[in-house]
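Dear colleague,

I am passing the structure below on to you, together with some notes on what turned up when I went through it. Please read the notes with the coordinates open beside you.

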Amino acid sequence: MTIWRSSAQHPGWPSSVGPLRVAAGVIRLRPVRLRDAPQWSRARLADRSNLEPYEPSTEVDWIARHSISSWPAICASLRSEARKGRMLPYVIELDGQFCGQLT
C-alpha cells in the first residue's frame, strides 16, 4: 500500500489560517489567487532591496520577473506544487489587505 500519491494534497492546503488579532490589526493567511497580481507585483518591486539578496538569480531582469504579467505562471506553479503537497503558498493579509506572501 502506498501512503504517498502524486495527487495527494497537503493537509493544510488550501485552508486559510486565522484571523488573529494583533496590535497592528487582524492577520490572516489565505491561499494565493490569480487576482493577487497587482498587489503582489507592487510589493515585490517595492521590497526589491530586501528580497533580491535571498532570491534565486536568473537571466530575467527583476522588474520583468515581478511584473503583473508574470504572476499567472508563478501563481499556477505555486498552486500546482501545493496540490502535490510540496509547498504551502499563502498571502498575508492585514485587515483584509494584501501585505505579503509566505511560502
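How many bridges join strand E1 to strand E2, and do the two run parallel or antiparallel? Four bridges join E1 (residues 17-22) to E2 (residues 25-31), and the two strands run antiparallel. Please keep in mind throughout that this is a predicted model.

The connection between E1 and E2 is a hairpin that passes through two residues, and within the pairing Arg21 of the one strand stands opposite Val26 in E2. None of the six residues of E1 is buried, so this strand lies largely in the open. E1 is also where Pro19 is placed, and the peptide bond leading from Gly18 into Pro19 is cis, with omega near 10°.

As for the overall layout, the chain holds four helices and four strands, which follow one another along the sequence in the pattern β-β-α-α-α-α-β-β. The C-alpha atoms fill a box of roughly 50 × 40 × 25 Å when this is taken along the principal axes. Of the 103 residues in the chain, 27% are buried, and among the contacts between residues at least 6 apart in sequence, 57% join residues that are at least 24 apart.

Helix H1 (residues 37-46) is a useful place to look at how the burial is arranged, since Ala37, Trp40, Ser41 and Arg44 are buried there. Seen down the axis of H1, these buried residues fall within an arc of 95°, so they line one face of the helix. The face of H1 that is turned away from this buried side carries Arg42 and Ala46, both of which are exposed. The cover over the buried residues of H1 includes three helices, namely H2 (48-51), H3 (62-65) and H4 (71-83), together with strand E4 (97-102).

Also in H1 is Pro38, which counts as partly exposed because its relative accessible area is 34%, a value that falls between the limits of 20% for buried and 50% for exposed. The C-alpha atom of Pro38 is separated by 9.9 Å from that of His66, although these two residues are 28 apart along the chain.

The residue I would ask you to look at with some care is Arg65, which lies in helix H3. Which side chain of opposite charge is nearest to this buried arginine, and how far away is it? The nearest is Glu55, at 4.2 Å, and Arg65 has no salt bridge; the cut-off that applies here is 4 Å between a side-chain nitrogen and a carboxyl oxygen. The side chain of Arg65 does, however, reach the backbone oxygen of Pro56 at 3.4 Å. Leaving aside residues up to four places away in sequence, Arg65 touches Trp40, Glu55, Pro56, Thr58, Val60, Ser70 and Ile74. Trp40 in that list is one of the buried residues of H1, and H3, where Arg65 lies, is among the elements that cover them.

Finally, towards the other end of the chain, Asp95 is found in the loop between strand E3 (90-94) and E4. Its phi is near 50°, which is a positive value in a residue other than glycine, and at 47% relative accessibility Asp95 counts as partly exposed.

With best wishes

Notes. Residues are numbered from 1 along each chain as its sequence is written. This is a predicted model: local features need pLDDT of at least 70, side-chain atom pairs count only at pLDDT 80 or more; totals for chains, interfaces and linings use all residues. Side-chain values use heavy atoms; hydrogens and water are left out. Buried means under 20% relative accessible area, exposed over 50%, partly exposed in between (1.4 Å probe, protein chains only). Two strands pair if DSSP finds at least two bridges between them. The arc is that of the directions from the helix axis to the C-beta atoms. Contact means heavy atoms within 4.5 Å. Lys and Arg count as positive and Asp and Glu as negative; His and the chain ends are not counted. A polar contact is a pair of N or O atoms within 3.5 Å; within protein, one must be able to donate a hydrogen and the other to accept it, and residues adjacent in sequence count only if both atoms are side-chain atoms.
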